[in-house]
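Visitor: I would like to learn how to read a helix against the core it packs on. Could you take me through one case?

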Amino acid sequence: MKLTRVRLRNYRVYEELDLELPPGLIGVYGANGSGKSTLMEAIRFTLYGRARTSNDEIRTSGVNADCAAEVEFEHEGHLYVVRRTISGVNSTVKAQAHADGLQVAEGVRDTARYVRSILGMDDAAFRASVFAEQKQIASFTGQTTGERRKLVLQLLGITPVDQAKDQARKDGREAQQQYERARALLPELEPLQVELADAEAAARSAAEAEANVRTRAAEAERVHAAVRKEHDQLLVTANEYERVVAEGKSVRDQHAAAEKRVAELTEELGALESAAAQLSKLEPEAEGLVAAEQRFAAVQAVERAKAALSDITLPEQPAKPNDDASDQARRAAEEVGRSLSEVQGRLRAATDELGRARKQVENADALSGEADCPLCGQALGDAFEQVQHHRAEELKRAEQAVADLQKQQKRLTKDAKAAADRATQLARDLKAAQQAWSSYEKLLERRQLVERTLAEAIAAVDPPPAPGEVESLAAEVERRRKARDQVQLLRGRLQRREQAERELATERERVGDLTGRLQTLREKVAALGFKPEQREESAARLAAAETALATARRAVEVASNEAVRAHTKAEQTAARLADARERHSRLADLAEDA
C-alpha cells in the first residue's frame, strides 16, 4: 500500500487541505499544534472510521458546513479512493469507496469491510504496520534494549508472527496428545463384525415373522370384509323393511282417516237433506217479514204520536209582556238622576261661595275705621260700617243658598232611589212575563207539531190501526224475523251440499286407493322375508370379525415394530463398524498432522 494524496475540508485544524504525498516519504514533523497528529488521524478515520474523539468534535471549530476526508492510495497495481463525510446537526457519517474510477462500496459498514478486504488488515493492524504515531519514535531513546525490540516488532508487525509460531507449536503438542488418546479409544473390528452378523440374522427373522403375521391379518381382513358386506346387505333389507312397515302404518292411518271422513260427509249430507225440507217450510213465513215490519213501524208511529200528544198539556195563556211601562220608569229614573247631579253641582258651587263669604267676613273683622281699604288703599272712615254690613249680608245669602240646595239634594236623592227601585221592579216583572210567554209559545209550538205528526202517521196507515194491534204486530214481526234468520242459516248450510258431495266422492275414491296400497305393502313385507332377530345375529358376527381384525392388526403392529427395531439395530451396528473402520483410517492422518 502506498499513500498518494490526502484531501481534507473542515477537518479539525484544516479548513481546506489537498496534500499530495511524494514517493519515499517516511515521516511528518513540525511544531506542536500544527496538525501532524490530525493528518495521521484523518487517514485512519477515512479508511476505518475511527478517531480519537466523537464525530461531533471532528468538524473545524465554528464551521457548520459538511466535514469531508478523502484518501487516495495504490495497492497491488490498483488505484483506490476512499471518502468519508460528516453532515447535519446529528453528525451523520457517510462513506464511499472507488477502485480504478468505479464505485465499489457505499455506506459506513460496507466501506470499512471493503477496505479490510483489500488491505488484509483491520484498524489495529493498520496502525501497527503502516505508520508510527506521534511520540512512538521519540520513545526509543528512553527505553531498554528489550523494550525497543518489542516496540520495533510491534511497529513492523512481527510480534503477531512470533505469536503465531508459538501457537503452532502448542497446536502440534495438542494434536500429538489427541492422536494418543484416539489410539487408546480405538474400538476392535472383529467383535463389531460378529455383532453385525447376529443383528442381520435377527432382522431377517423379524421380517419373516412380520410377513406371517401380515398374511394372517390379510385373512382377517377378507373375513371381516365378507361379514361386513353381508351385514350391510342385511341392513339395507332391514331399512327397506322398516321403511315399508312405517309406510304401511302411515297408509293405514290415512285409510282410517279417509273412512272416518266418508262417514262424516255421509252424515253431513243427510243433515243437509233435512235442512232443505225445513227450508221449504220456513220460506213462506219469512217472505212476509217486510210488509209486517212496515205495518208495525207505521202503527208504532201513530201510538208514539198519540202518547206524545197526551204528554203535552197547555196552561192558561199568560198576559203578553208590556215594554212601555218599564221604559217609562227607566226614563223617569234617569231624569231624576240628571236633576240630582245638577243640584249636587250647584251645591258644590254654593259651598265654595259660602267659604269665600266666611273668609271675607273674617278679613273684615280684622279691619277698623282708621285702616285703609284692602282694595283701593284709601282710608275706610265712615264706609267701614257699610263694608261690615255688606260682608254679613253676603254670608247670610250664601248660607241660605247652601241650606236650600241641601234640602233639594235630599229630596231628589230620595226621589231618585224610589224611581230606580220602581224601574228595577218593572224590569224584573217584564223579564218574568217574557219568560212565561216564551215557554207558552214553545209548548204551543210542540203541541201543534205533535198534532201534525199524529195526523200524518194516521194518514200513512191503511187500513187505520185497530186497538191492541201493536202487540199482535210485534209478535208477528218477531216470529217472521226468526224464520228469516233460520232461512238464511239453512241457505248458507245448503251451499255446502255440492262441495260435500264432491268431497264424499273424492274420499271414497281415496279409500279405494289406500286399500290397494295397503295390500301392496303387505305383499312387499312378505317378499322381503326379514326377521328383526337376523339383524342382531349379523351384528354379533360383525363384532367378532372386527375383534379378530383388531387383534390381527395389533399383532402386525407389534411384529412391524420388532422388525423395525431389529433392522435399526443392524443398521446402527453396521454404522458403528463403518465408523470404527473410518476412525482406523483417520488415525494415520491424525499421526501425520501431529
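Guide: In α2, a helix in the DSSP sense (an H or I run of at least four residues, numbered from the N terminus), the residues Thr111, Ala112, Val115, Ile118 and Leu119 are buried, where buried means under 20% relative accessible area, exposed over 50% and partly exposed in between, with a 1.4 Å probe and protein chains only. This is a predicted model, in which local features need pLDDT of at least 70 and side-chain atom pairs count only at pLDDT 80 or more, while totals for chains, interfaces and linings use all residues. Residues are numbered from 1 along each chain as its sequence is written, and side-chain values use heavy atoms, with hydrogens and water left out.

Visitor: Where do the buried residues of α2 fall, seen down its axis?

Guide: An α-helix has 3.6 residues a turn, so residues three or four places apart point the same way. Here the buried residues of α2 fall within an arc of 135°, so they line one face; the arc is that of the directions from the helix axis to the C-beta atoms. The face turned away from that buried side carries the exposed Arg109 and Ser117.

Visitor: Which residues does Leu119 touch, leaving aside those up to four places away in sequence?

Guide: Leu119 touches Met1, Tyr48, Phe73, His75 and Phe126, contact meaning heavy atoms within 4.5 Å.

Visitor: And what follows α2?

Guide: Gly120 follows α2, and its phi is positive, near 70°.

Definitions and conventions:
Helices (H or I, at least four residues) and strands (E, at least two) are DSSP runs, numbered from the N terminus.
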